[in-house]
Amino acid sequence: MSEKLLQGKTVLITGGTRGIGEAIVHECAAQGARVAFTYAGSTAKAQELETQLAQAGVQAISFQADAADFARAQEVADAVVEKFGTLDVLINNAGITRDNLLLRMGEDQWDEVLDKNLKSVFNYTKAVAKPMMKARTGSIINMSSVVGVNGNAGQANYAASKAGILGFTKSIAKELASRNIRCNAVAPGFIATEMTEQIPQAELAKWLENIPMKRAGTPQEVARLCTFLGSDWSAYITGQVILIDGGMS
Ligand code: NAP
């Protein structure tokens with residue numbers, strides 16, 4: 001392959017300092033993109049990542065920004081366009097879990113998960129829509145989950161947020177297709193990250209037993225799918241939910 005998949009494109013990734021988001025940052029950079037990423041927690045980790053990318057000759061910038069903050073999303077998108085001149089790909093990756101059975105789930109657990117996982121996707125998609133419409137090109141990739149497709153006991157809040165992403169994705173795909181802006185969702189199964197480290201051992205064994213490939217996926221495998229969906233190699237794919245789950249679904 002002569003040209004890199006994302007050569008000359010600018011990619012914005014929410015939640016880019018750990019897990020799947022960090023792998024997406026690395027993969028997009030390796031495929032020639034200019035990279036902007038957000039994070040909610042430690043600035044030290046973000047700076048370390050920015051330095052690492054700069055040393056590899058990659059143009060990169062990070063923003064401390066709670067993905068649930070509507071006004072901040074617009075500030076971030078504006079700053080990316082200001083710095084790099086374009087904003088070609090948005091990857092809505094930031095997400096959290098606050099698991100509990102329905103009878104024990106507090107209003108705060110419901111609200112927090114819906115805000116950080118679903119409202120965040122609205123925030124950033126709205127923030128990038130204008131520059132993408134002006135450029136008449138764009139690819140938006142939303143991180144859902146197999147739990148959003150199939151449901152999971154103890155994760156009603158998370159499942160609702162990830163299912164909401166699917167309806168949002170399909171609607172935005174229809175709304176923006178005529179402007180050459182695509183919108184797809186990725187639904188990972190069990191991926192080995194800090195998020196899945198929280199799962200108790202017994203439950204973990206059950207999950208692995210139900211995966212035909214008998215292993216967890218890696219963040220890089222998800223990142224490569226996102227890179228493909230961000231690139232022109234997927235130019236005729238929009239409104240889709242792509243499962244990446246080792247055959248689980
Ligand atoms: P993770 O290891 O916990 O990493 C989450 C990332 O999101 C971190 O970089 C974190 O930044 C950032 N983040 C969290 N809350 C944020 C907020 N409010 N604003 C901005 N950034 C925020 O999670 P992961 O496993 O990589 O998951 C990434 C995405 O994939 C999530 O949407 C998750 O639901 C989805 N997913 C994961 C799996 C899996 O098996 N791991 C399966 C299906 C779907 P800080 O470090 O700064 O907090």
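Q: Before the ligand, what counts as a polar contact here?
A: A polar contact is a pair of N or O atoms within 3.5 Å; within protein, one must be able to donate a hydrogen and the other to accept it, and residues adjacent in sequence count only if both atoms are side-chain atoms.

Q: And what kind of model is this?
A: This is a predicted model, in which local features need pLDDT of at least 70 and side-chain atom pairs count only at pLDDT 80 or more, while totals for chains, interfaces and linings use all residues. Residues are numbered from 1 along each chain as its sequence is written, and side-chain values use heavy atoms, with hydrogens and water left out.

Q: OK, which backbone atoms lie by an oxygen atom of the ligand?
A: A polar backbone atom of Gly189 is 3.4 Å from an oxygen atom of the ligand, and a polar backbone atom of Ile191 is 2.8 Å from an oxygen atom of the ligand.

Q: How much of the ligand does the protein cover?
A: Of the 900 Å² of accessible area that the ligand has on its own, the protein covers 93% (Shrake-Rupley method, 1.4 Å probe).

Q: Any side chain there? Which polar atom lies 2.9 Å from a ligand oxygen?
A: That is a polar side-chain atom of Lys162.

Q: How many residues surround the ligand?
A: There are 30, and the closest are Arg18, Gly41, Asn93, Tyr158 and Thr193, where being near means having a heavy atom within 4 Å.

Q: Changing topic, how do H3 and H4 pack?
A: Helix H3 (residues 70-84) and helix H4 (residues 107-135) pack at an angle of about 35 degrees, with axes 9 Å apart; helices here are DSSP runs (H or I, at least four residues), and axes are lines fitted to C-alpha atoms over the stretch in contact, with angles from 0 to 180 degrees between N-to-C directions.

Conventions:
Helices (H or I, at least four residues) and strands (E, at least two) are DSSP runs, numbered from the N terminus.
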